[in-house]
Every structure is written in C-alpha cells, then in structure tokens.
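Student: I have a new structure open and no idea where to begin. Can you walk me through it?
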Amino acid sequence: MKNIKRSVRKHGKVLGHRKGIDRQEILGYVEAKHLIYIPTYKWVLENRVHDIINRLKEIARNKTLVLLDYNTCCDVDSPVKPLSHAYLIKAYIEGLYPYGDSQTVSMPTLPFEDL
C-alpha cells in the first residue's frame, strides 16, 4: 500500500478519469461519477455486501440508523465534492439509489471471490 497517492506537485492537476482500461478517453469528474462510480458502487452493494445491507435494512425498520462518513455531499452532480458513502448506502437501503435501475453495470468475475 505504498505510493498509492498521486502527488499534484509532481504530476500536475488531475485531468480526469480514464473510461476503461484500454481506452484513452478522459471523463470529467461528474461524468465519471455517473458512468463509473455510482453504478460500480451499486454493484458492490448488491453483489458483495448484500447480507450487510439486509441487516442494516432490518435495523432501520425498528430503530434510527446513523451512518457516519467523512464526506457529507449528497449532490451527485457536484463537480467539487466527493459523494458521501453513507449517502449512497442510505439511498440504497431506502430504495432511492441515484438513477434506480436505469443504469446497470456488468462487472467481471474477480479472482478474489471471497471478499
């Protein structure tokens, strides 16, 4: 886990996010949220932590559920603030995940199946 941070001083301002591994197309921050981050996060919620989400739903039915996060931004179209993970989890539990089922993502089978 060394050298995973990208130094702005050394490499300059981030230009955007690559659209895929083999593509050179660069996406802006908001577009990357819509096309990569939000659908991928939803896939993880549905396919990797479904049991945890079900437990959170059960707790939320009977008690107030508080999710803490460093970021508090709930605006998926904000070009300056990262989205709150807690917001995405809360929205998913309540059936209000951004864009519902209008955007789906097909993720490849990963070698680390037992996450």
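Tutor: One term to begin with: a residue is buried under 20% relative accessible area, exposed over 50%, and partly exposed in between. At 43% relative accessibility, Lys90 therefore counts as partly exposed. Keep in mind that this is a predicted model.

Student: Okay. What does the secondary structure of the protein chain come to?
Tutor: The protein chain has 4 helices and 2 strands. Along the sequence they follow the pattern α-β-β-α-α-α.

Student: And how much of the chain is buried?
Tutor: Of the 115 residues in the protein chain, 22% are buried. The chain exposes about 9100 Å², and carbon and sulfur atoms supply 56% of that area.

Student: Which residues make up the largest nonpolar core?
Tutor: There are 12: Ile38, Tyr41, Leu45, Ile53, Leu56, Val76, Leu83, Leu88, Ile89, Tyr92, Ile93 and Tyr97. Helix H2 (29-47), helix H3 (50-62) and helix H4 (85-93) are the elements that give two or more residues to this core.

Student: Which one gives the largest share?
Tutor: H4 does, with 4 residues.

Student: Let's stay on H4, then. Which of its residues are buried?
Tutor: Ala86, Leu88, Ile89, Ala91, Tyr92 and Ile93.

Student: What do those buried residues pack against?
Tutor: The buried residues of H4 pack against H2 and H3. Take Leu88: leaving aside neighbours within four places in sequence, Leu88 is in contact with Tyr37, Tyr41, Leu45, Leu83, Tyr97 and Pro98.

Student: And Ile93, what does that touch?
Tutor: Not counting residues up to four places away in sequence, Ile93 touches Ile53, Leu56, Lys57 and Leu65. Ile93 has a relative accessible area of 16%, so it is buried. Its C-alpha is 8.7 Å from that of Ala60, and the two residues are 33 apart in sequence.

Student: How common is that sort of long reach? What share of the contacts join residues at least 24 apart?
Tutor: The share is 50%, counted among contacts in the protein chain between residues at least 6 apart in sequence.

Student: Back to H4. What is at its N-terminal end?
Tutor: Ser84 caps that end, with a side-chain oxygen 3.3 Å from the backbone nitrogen of Ala86.

Student: And just after H4? Which residue takes a positive phi?
Tutor: Gly95, with a phi of about 75°.

Student: New topic. How many salt bridges are there?
Tutor: A search of the whole structure finds 2. Side chains of opposite charge can pair when their charged atoms come close. One of the bridges joins Glu58 and Arg61, at 2.7 Å from N to O. The other pairs Glu94 with Lys90, where the closest N and O atoms are 3.0 Å apart.

Student: Where do Glu58 and Arg61 lie?
Tutor: Both are in helix H3, 3 residues apart, which is about one turn of the helix.

Student: Are those two exposed or buried?
Tutor: Glu58 is partly exposed, with a relative accessible area of 40%. Arg61 is exposed, at 59%.

Student: What about Glu94, then? Buried or exposed?
Tutor: Neither quite fits: at 45% relative accessibility, Glu94 counts as partly exposed.

Student: Glu46 caught my eye too. Which helix is it found in?
Tutor: Glu46 is in helix H2. It has a relative accessible area of 34%, so it is partly exposed.

Student: What does the side chain of Glu46 make a polar contact with?
Tutor: The side chain of Tyr92, at 3.4 Å. Glu46 and Tyr92 are 46 residues apart along the chain, with their C-alpha atoms separated by 9.4 Å.

Student: Last thing: the cysteines. How many disulfides are there?
Tutor: The count is 0.

Student: Why is there no bond between Cys73 and Cys74?
Tutor: Because their sulfurs are too far from each other: the closest cysteine sulfur to that of Cys73 is in Cys74, 6.6 Å away. A disulfide needs the two sulfur atoms within 2.5 Å.

Student: And is each of them buried or exposed?
Tutor: Cys73 is buried, with a relative accessible area of 10%. Cys74 is partly exposed, at 45%.

Conventions. Residues are numbered from 1 along each chain as its sequence is written. This is a predicted model: local features need pLDDT of at least 70, side-chain atom pairs count only at pLDDT 80 or more; totals for chains, interfaces and linings use all residues. Side-chain values use heavy atoms; hydrogens and water are left out. A nonpolar core is a set of buried Ala, Val, Leu, Ile, Met, Phe, Trp, Tyr and Cys residues joined through side-chain atoms within 4.5 Å. Buried means under 20% relative accessible area, exposed over 50%, partly exposed in between (1.4 Å probe, protein chains only). Contact means heavy atoms within 4.5 Å. Accessible areas come from the Shrake-Rupley method with a 1.4 Å probe; for residues, only the protein chains shown count as cover. A polar contact is a pair of N or O atoms within 3.5 Å; within protein, one must be able to donate a hydrogen and the other to accept it, and residues adjacent in sequence count only if both atoms are side-chain atoms. A salt bridge is a side-chain nitrogen of Lys or Arg within 4 Å of a carboxyl oxygen of Asp or Glu.
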